[in-house]
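The following note is offered to a colleague who wishes to read this model residue by residue. Its points are numbered for ease of reference.

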Amino acid sequence: MSNTPVLKCENLCKAYQPGKPVLDNFCLTIEPGRIVGLLGPNGQGELVP
């Protein structure tokens with residue numbers, strides 16, 4: 001199996017309102033074969049790009 005990440009994010013920042021960051025320098029690496037879930041309150045934008 002390859003060690004190349006399936007998904008890699010570095011220093012990701014996101015804010016829906018100025019001055020209220022949701023993510024600030026978020027880093028994530030998902031290796032092949034890993035199972036990952038994203039949880040949050042219903043309707044809070046878990047699938048919003």
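1. The model under discussion is a predicted one. A convenient place to begin is Asn-25, which counts as partly exposed because its relative accessibility is 46%. Asn-25 belongs to strand β2, a run that covers residues 20-30. Its backbone deserves attention as well: although Asn-25 is not a glycine, its phi is positive, at about 60 degrees.

2. A second asparagine invites the same kind of inspection. Asn-11 is placed in strand β1, which spans residues 7-17. The phi of Asn-11 is near 55 degrees, again a positive value in a residue other than glycine. As background, most residues other than glycine have a negative phi. The reader may therefore wish to look at the backbone at both positions, given that background.

3. What is the overall secondary structure of the protein chain, in helices and strands? The chain holds zero helices and two strands. The strands β1 and β2 run antiparallel and are joined by seven bridges. Together β1 and β2 make a hairpin, with two residues lying between them. Gly-19, in the turn, has a positive phi of about 80 degrees.

4. Individual pairings help to fix the register of the hairpin. Gln-17 stands opposite Lys-20 of β2. Ala-15 has Pro-21 in β2 as its bridge partner.

5. Glu-10 is a residue of strand β1. Is Glu-10 buried or exposed? Glu-10 counts as exposed, because its relative accessibility is 54% and the threshold for that class is over 50%. Once neighbours within four places in sequence are set aside, Glu-10 is in contact with Phe-26 and Cys-27. The C-alpha atoms of Glu-10 and Asn-25 are 7.1 Å apart, with 15 residues separating the two in sequence.

6. Cys-27 lies in strand β2. With a relative accessibility of 46%, Cys-27 counts as partly exposed. Which residues does Cys-27 touch, leaving aside its neighbours within four places in sequence? The contacts are with Cys-9, Glu-10 and Asn-11. Cys-27 and Asn-11 are 16 residues apart in sequence, and 5.6 Å separates them from C-alpha to C-alpha.

7. The contact between Cys-27 and Cys-9 raises the matter of disulfides. How many disulfides does the structure hold? The number is zero. Why does Cys-9 form no such bond? The closest cysteine sulfur to that of Cys-9 is in Cys-27, and it is 8.6 Å away, which is too far for a bond because a disulfide needs the sulfur atoms within 2.5 Å. Cys-27 is likewise in no disulfide, and its nearest cysteine sulfur is that of Cys-9, at 8.6 Å. Cys-9 counts as partly exposed, with a relative accessibility of 21%; the class of buried residues is reserved for values under 20%, so Cys-9 falls outside it.

8. Two remarks concern the aromatic rings. Lys-14 lies over the face of Tyr-16, at a distance of 4.9 Å from the ring centre. The count of aromatic pairs, by contrast, comes to zero.

9. Some totals for the protein chain complete the note. Of its 49 residues, 2% count as buried. The accessible surface comes to about 4,600 Å², and carbon and sulfur atoms account for 56% of that area. Among contacts with a separation of 6 or more, 30% are made by residues 24 or more positions apart.

Note on methods: Residues are numbered from 1 along each chain as its sequence is written. This is a predicted model: local features need pLDDT of at least 70, side-chain atom pairs count only at pLDDT 80 or more; totals for chains, interfaces and linings use all residues. Side-chain values use heavy atoms; hydrogens and water are left out. Helices (H or I, at least four residues) and strands (E, at least two) are DSSP runs, numbered from the N terminus. Buried means under 20% relative accessible area, exposed over 50%, partly exposed in between (1.4 Å probe, protein chains only). Rings of Phe, Tyr and Trp (its six-membered ring) pair if their centres lie within 6.5 Å; planes under 30 degrees apart count as stacked, over 60 as edge-to-face and the rest as tilted. A charge sits over a ring if NZ of Lys or CZ of Arg is within 6 Å of the ring centre and within 35 degrees of the ring normal. Contact means heavy atoms within 4.5 Å. Two strands pair if DSSP finds at least two bridges between them. Accessible areas come from the Shrake-Rupley method with a 1.4 Å probe; for residues, only the protein chains shown count as cover.
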